[in-house]
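User: I'm new to this one and would like to know how its labels are earned. Could you walk me through the reasoning?

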Amino acid sequence: MSKAYTTFKIHPGIGIARLGNTEDDFYLCPEQLGALPIACDELGREKVDANGDLVRVSQFKDANDLSKIKKQAARFKIFAYSGKEGEEGEEITIGGTYDFIYETPVMAPTLVRGKVTDIDWTVHVANKKASWYEFKETDGMHGYGPKHPLRNPKVDKPDQRRQLIIDPGPLTVNLKNNRGEFAKFGSEPKKKDNSKYKKVSYPQTFPPSDIKPHKIESLGSLIVNEQDKHCRLIVLGGNGNSGSTKTPVITSFVNNNGWFDDISDGPVTATIHFSFKQKYYDGDKEKTKTVNSTMDVQVPAWVIVGYPRYAPQMQDMITMDEKMYDLFVREHAYDPQVFGVAPFDEASNSPQTAAEWETWRNDAEYNPDYYPKFYKEIWTMLHRPDSYKYSYDFDFFAGSDPHNRGTGGNLSEEALSQVPKNGEDPYFRMRQFVYMIMRQHDEMNEYVVTSDQWPTNAKPRLMPMLCGNNPLSNTSPEKFLAMTQTQLFFLKQWMKGKFVNECEEWNDGDANCTNPWANPPTTGIGIDRGVLSNVLGGAFCPGGEISWIVDNPAIYSEPYRIKHATYLAGALSIPKPIADKDGSNAPNLAEGMEPGDMTKFIGIPWQADFHECTTQDVDVTYRGWNNIYLDSDGDPAEQDIAYNVPWWPAHRPIVVSEGPNSPQVYWASGIPPNNAGDLQMVQAWKDLGFLLATGEGINTAFYQQERNNDALGDPVTPGNRVLGQSIGESTEEDNN
């Protein structure tokens, strides 16, 4: 029976919702790399055009109010898998028949063929930021020391500490009761009296109602819809509200005591209702009856609520999909043709026991005979930086745009896509140049190429030229961003000429062959990866939607699945120093993640860190990268070598323009790059503009729209620049 019943999985494994402050207008999360979100109706049913293609969102605000941002909904589906080798699964339908396990208190589990009648979807989101440790760069990445400071340190009693968690409790919806809200005092609208919500028995915790400037009385809502007989869940996040229990003041880009915001995350589970015909005997007569039962979906999911994606089509240098794929390849034997033990097949890379896993991890390596696909695995990396010129003003005095793209340039698609043929490889030197300027993992603290093989003394800057996980301090520094180890492996194979141009090899004449993500995914894993391809995969200081916790293999039950912990109602875990005082629940990654555990590392309120993640003066004076004590022996050296480096221009634009003939202006014009500006961003985030792409390929450009000038004032054009001057400069280091 264990091989015969259907396995049900929720997809995506990790869904992404985004904040917005409209009342009920929203769109669906994109499921393809660099794609626009999906338009939908008021129940979250996707819209299609006359050709059956998805309708994409091109306006991100209320048409009548530029201070109202639409929310992005995370959409979840359930796929059925019968266990056949290589099976891609299919989304289940209401009325569809599948093999279920039926059990009762008095009989052993039995395999039955049942018909789906409904689905109970249960979601539990929470916000643990105010109850968590302070963020201090990479400190805590491998556990927190006993003296690591806490946010809100004066709240040191376990019962009071739990009150810092925003926890509305779990919420269940289905086709019969298809709406609910993660609201203070209850979840379901009451119809018979004037009170807003029906009370629930769960011991909720919410911030005080008088926090300023915005109170938080909800973390979002749920909707269930049926489309083409598919029963789907829609998860909507919070309203973008942030508030303080004190006079609102922001003193840090990431840790602000007394503050709360309505970012959240948590588990998504489901129970399938089904019916089947059961035979029984009445005397000697055989009869049948309809039996109604339920079965829990065996593979659940997670939802994360992030900030608005102001440049939805602009791709990150490292996406969250690429970040996780790299981890799963190296730690979970996810793709043995890329990384594993010879002969790099499934049979040789399927460890089961702990001892087998230890042996596999010791012996596994990258496959020297793997040929990456140019457009899927190489060009997708190389073309991305070019789009950043529409959100970041490259310093022309420091070498201009380092990504010399175009005919004859260092990043010429035509040249770099040419596979060696007939023993001739005219573009080897060009590929070698590109690979040699790609920052390796032992060069995260280096600004320029370090290789002795470089032909001249004038060595170029290493790429990518973006901030790393810790450019702020010289304790465990990671000054600059490096591509993942798997991405660097792909690039090395490509540099050697061991790659495939799929357009020439397999798809000649296919107009979409240069974009492997041109069509919406139809498989569960395709949806898993597509959703995460539009989430920031680095750097993490503390990060975008989520932080460096994603690098820890312990938080996953399987690739692209967060491990769920068990917990008691109203007793979510709190930091160990406080929990130990009365034996309360402290976090334990081995047991899994609780509601709020994925987003608790991010800055509070989120607007502060988001505002300041523009550029950073990165100190590269010392090569040893350890604590610097200049006063201990009269060391006369000064830390005077610093470079202004951007954080993540694909998420937080710095300078933008509104058209091909329009001047560049500051995206956050009128909001100063300091703590006062952080506080202003608590209100101003909803008035900022969105960047929309026009054109295709090398002609793609990104221009701002929907900026609320009435609220923010007219945008400001950068003034005349002088050598060494930077724009939109971050003050994170000053606040550290």
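Analyst: Let's start with touching: contact means heavy atoms within 4.5 Å. Asp335 touches Tyr325 and Val329, leaving aside residues up to four places away in sequence. Keep in mind that this is a predicted model.

User: Where does Asp335 lie, and what is the nearest side chain of opposite charge?

Analyst: Asp335 is in the loop between helix 2 (320-331) and strand 22 (339-340). The nearest side chain of opposite charge is Arg529, 5.9 Å away. A salt bridge needs the nitrogen and oxygen within 4 Å, so Asp335 has no salt bridge, although Asp335 is buried.

User: What makes Glu31 and Arg75 a salt bridge?

Analyst: Their closest N and O atoms are 3.4 Å apart, and the cut-off is 4 Å, so the pair counts as a salt bridge. The two come from distant parts of the chain, 44 residues apart: Glu31 sits in the loop between strand 3 (26-28) and strand 4 (61-62), while Arg75 is in strand 6 (residues 71-81).

User: Why are Glu31 and Arg75 called buried?

Analyst: Buried means under 20% relative accessible area. Glu31 comes in at 8% and Arg75 at 5%, so both get the label.

User: What does Glu46 do with Arg75?

Analyst: Glu46 and Arg75 also meet in a salt bridge, at 2.7 Å from N to O. Glu46 lies in the loop between strand 3 and strand 4 and Arg75 in strand 6, so this pair ties together parts that are 29 residues apart in sequence. Glu46 is buried, as is Arg75.

User: How many salt bridges does the structure hold?

Analyst: The structure holds 28 salt bridges. Some of them form a network, linking Lys128, Glu594, Asp597 and Lys600.

User: What about Asp159 and Arg162: how do you know that they form a salt bridge, and how are they placed in helix 1?

Analyst: The closest N and O atoms of Asp159 and Arg162 are 2.6 Å apart, which is within the 4 Å limit. They are 3 residues apart in helix 1 (residues 158-162), so about one helical turn separates them. Their exposure labels go separate ways. Asp159 has a relative accessible area of 53%, and exposed means over 50%, so Asp159 is exposed. Arg162 stands at 15%, under the 20% cut-off, so Arg162 counts as buried.

User: Back to strand 6: why is strand 6 said to be largely enclosed by the rest of the structure?

Analyst: 11 of the 11 residues of strand 6 are buried, so the label follows from that count. In a regular strand the side chains alternate between the two faces of the sheet. Here, Lys71, Ala73, Arg75, Lys77, Phe79 and Tyr81 point one way, and Gln72, Ala74, Phe76, Ile78 and Ala80 point the other way.

User: Which strands pair with strand 6, and what makes them paired?

Analyst: Pairing takes at least two bridges. Strand 1 (residues 7-11) pairs with strand 6 in the antiparallel sense over 5 bridges, and Ile10 has Ile78 as its bridge partner there. Strand 3 runs parallel to strand 6, joined by 3 bridges, with Tyr27 opposite Gln72. Strand 16 (residues 230-236) is antiparallel to strand 6 over 3 bridges, and Arg75 stands opposite Ile234. Strand 7 (residues 90-91) is antiparallel too, with 2 bridges, and Phe79 stands opposite Glu91.

User: How do you know that Cys503 and Cys513 form a disulfide?

Analyst: Their sulfur atoms are 2.1 Å apart, and the cut-off is 2.5 Å, so they form a disulfide. The count comes to 1 disulfide. The torsion about the S-S bond of Cys503 and Cys513 is about 115°, so the disulfide is right-handed. Cys503 lies in helix 9 (residues 502-505) and Cys513 in the loop between helix 9 and helix 10 (524-532), so parts 10 residues apart in sequence are tied together. Both Cys503 and Cys513 are buried.

User: And why is there no bond between Cys613 and Cys541?

Analyst: The sulfur of Cys613 is 7.3 Å from the sulfur of Cys541, its closest cysteine sulfur, and that is too far for a bond. Cys541 is buried, at 1% relative accessible area, and Cys613, also at 1%, counts as buried.

Notes. Residues numbered from 1 in each chain as written. Predicted model: local features only at pLDDT ≥ 70, side-chain atom pairs only at ≥ 80, totals over all residues. Heavy atoms only, no water. Helix = DSSP H or I, 4+ residues; strand = E, 2+ residues; numbered from the N terminus. Buried < 20%, exposed > 50% of the residue type's maximum accessible area, 1.4 Å probe, protein only. Lys, Arg positive; Asp, Glu negative; His and termini not counted.
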